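Me: Hey, I'm new to this one. Can you walk me through it?

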Amino acid sequence: MATGRTLWERIFWSWRPESSREAGDAIVRNFLLHWFPAKVLRESLSFRYSLWLGTIAAVLFVLLTGTGVILMFLYVPSVERAYASVKDIEYVVSFGWFVRSLHRIAAHAMVAVVFLHMMRVFLTGAYKNGVAADQNRPLNWIIGILLLLATLLLSFTGYLLPWDQLAYWAITVGTSIATAAPWIGDDIRFVLLGGHEIAQNALLRFYVLHCFVLPTAVLLLFSWHMWRVRKDGGLACADRLAREHRREWTTPIRSKTYSLLGIARGRTVHVEVAAIHEEEQMVPASPVLVRRLFLVALGTIVATSLLALMIRAPLEEPANPSVTPNPAKAPWYFLWLQELVALTTVRIGTYTLNGAFVGGVLIPGLLILWSAIWPYLDRSSTASVGVWFPTERRRQNLVFLLIVAGILVLIVTGTLRGPYWEFYWPWEPWPEIPRRF
Amino acid sequence: MRKAKSLHPSASPSERSVANSLEAEAGSAPTRRLFLKRMGLGAVLIGLFGHVLAWVRSLFPNVLYEEPRRIKIGRPEDFAEGGTFLEERRLFVFRERNTFYAISATCTHLGCTVKMIHLPQPKRVQIGGRVREERYEFHCPCHGSKYYGDGTNYAGPAPRPLVWYKLEVAPEDGQLVVNLDEIVGQDFRLTV
């Protein structure tokens, strides 16, 4: 073999490119780069179009996996030792507090970023099929909803593990909401807790769900999500460019193949893409995409690390089934649900509909169902694919934003609740409440 | 969904014969091959279903190492007049001279533990036609449900009154026994 190769080249390259064409080939042949297309549309790398929210969510997931594995080495999922091991992580283990704090901040951030990503996709109509063949973006939108639900379940299951008062009562409320599901509610709670009480079985089940089942589900769904993005011809802004170019040229759209840029032989792996991507619109994935990816990852890690340094993860008193903290509040991303379950108990004559069912099962269920089928009901034209706030979709964007605003209002209302569910402004002190009966 | 692919005119004879045999297999009279194929597939599916069933069933525990549901809570004379909160059982036990009754402290909305609030001065309330003098109430810290002293819900999201449990006297040592599996009405009184 050729001499004078660096260690880097010997490990990662079997051959090195000498032309632009060979460079595209090289990306496909490189182990670390082969999951990128050889060339990508410059527009799809724009910060202004996608805000890179999906990438940030993925980086946060990697960060959570890393810190999570460290925490798994230090945490004992048993009722007797869980709280003490978290206390040790917080006060005894070197930098344990930082790893735990980073894990918590990244988890909160991931919930927020995944939701913002969903908003971006809705507002830009990016769940809509564009002009290219064999697209199935509505399916990818549904995969995205499943990823959002998995993210929420991950944060919910992680909430129990410290086995402190915060954990215990959040799970009490959460699993009681599950019993409000019609017919199978009690069975769901029973199998989730492995019994009637939140005890050892429940802790172990939540631990396994949190550390193995749900992360695996996220990984599989994420792979499917990314694969579909590729099969759909990239981000939705590609379809917008394709349409714009079609206006300029009267000739119909030729199809071009992505992977063939890298693999010159055969036509086995080929993907129809939306646009005639003129060479000046396309940039090589390495280094342009890779550079931005690193930049976004770096920014995410810096931001979460700084926040983790400033905001310590709380650890309350050990779980005590006989004393409910006053107030007992859900984390911020579930506060709107907590408000809903408290507000929606309906009385029709002598018949009472529990708010746990209306606010905890019915309304969230309908919201999920509505968002899942919306791409199939959205009748706007392909001109609104991959465009921020198109006039054609103004009304549905407005409805979507109103729902988001409603959720935000409920979250703010929830944060203002004090003891006995009364309202207190942030500057008002809470009254002294005896802590025990 | 795509219908069965029509072959390109330039398809070779061997490709055509494969396609023909596939069509024959799909629609026509059962052959031994088809029968065996379906039997095999069915066996695999049944086997897989059995496995999944076993996995899911194993997650529903048969034995629970939880507190018993019928518990001795102490001798009647040891209870003070008025309400006593049994922290471990999440239960209020009330004594009015020689009568006893027990009310659950678990909020009927989402299962938080309600707190007993002693009113500064007694107030008279009407509950379903009956007039009752209230000296205390139950308030839930989670979502603000409120109950009268007999457990009747009157404010907040709680859908039902607090549950009353049956009290008995253990024949062997005279202790009070609460049965958490037996729910009784608000007129229940145990006279000792």
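Me: Which domains does chain B get?
Reply: The assignment, automatic or from a database, splits chain B into domain 1 (13–58) and domain 2 (70–191). This is a predicted model, where local features need pLDDT of at least 70 and side-chain atom pairs count only at pLDDT 80 or more, while totals for chains, interfaces and linings use all residues. Residues are numbered from 1 along each chain as written, and chains are lettered from A and ligands numbered from 1 in written order.

Me: How many Å separate the centres of those two domains of chain B?
Reply: Over C-alpha atoms, the centres of domain 1 and domain 2 of chain B are 63 Å apart.

Me: New topic: how many residues does each chain put into the contact?
Reply: Chain A gives 30 residues and chain B gives 24, with contact meaning C-beta atoms, placed from the backbone, within 7 Å.

Me: And which element of chain A has the largest share?
Reply: Helix 8 of chain A, with 5 residues. Helices here are DSSP runs of H or I, at least four residues, numbered from the N terminus.

Me: What classes are on that side of chain A?
Reply: There are 16 nonpolar, 13 polar and 1 charged. Ala, Val, Leu, Ile, Met, Phe, Trp, Tyr, Cys and Pro count as nonpolar, Asp, Glu, Lys and Arg as charged, and the others, Gly among them, as polar.

Me: At what angle do helix 6 and helix 7 of chain A pack?
Reply: About 160 degrees, with axes 10 Å apart. Axes are fitted to C-alpha atoms over the stretch in contact, and angles run from 0 to 180 degrees between N-to-C directions. Helix 6 and helix 7 of chain A are therefore roughly antiparallel (over 145 degrees).

Note on methods: Helices (H or I, at least four residues) and strands (E, at least two) are DSSP runs, numbered from the N terminus. Angles under 35 degrees count as roughly parallel, over 145 as roughly antiparallel, 65 to 115 as roughly perpendicular and the rest as oblique. Two residues are in contact if their C-beta atoms, placed from the backbone, lie within 7 Å.
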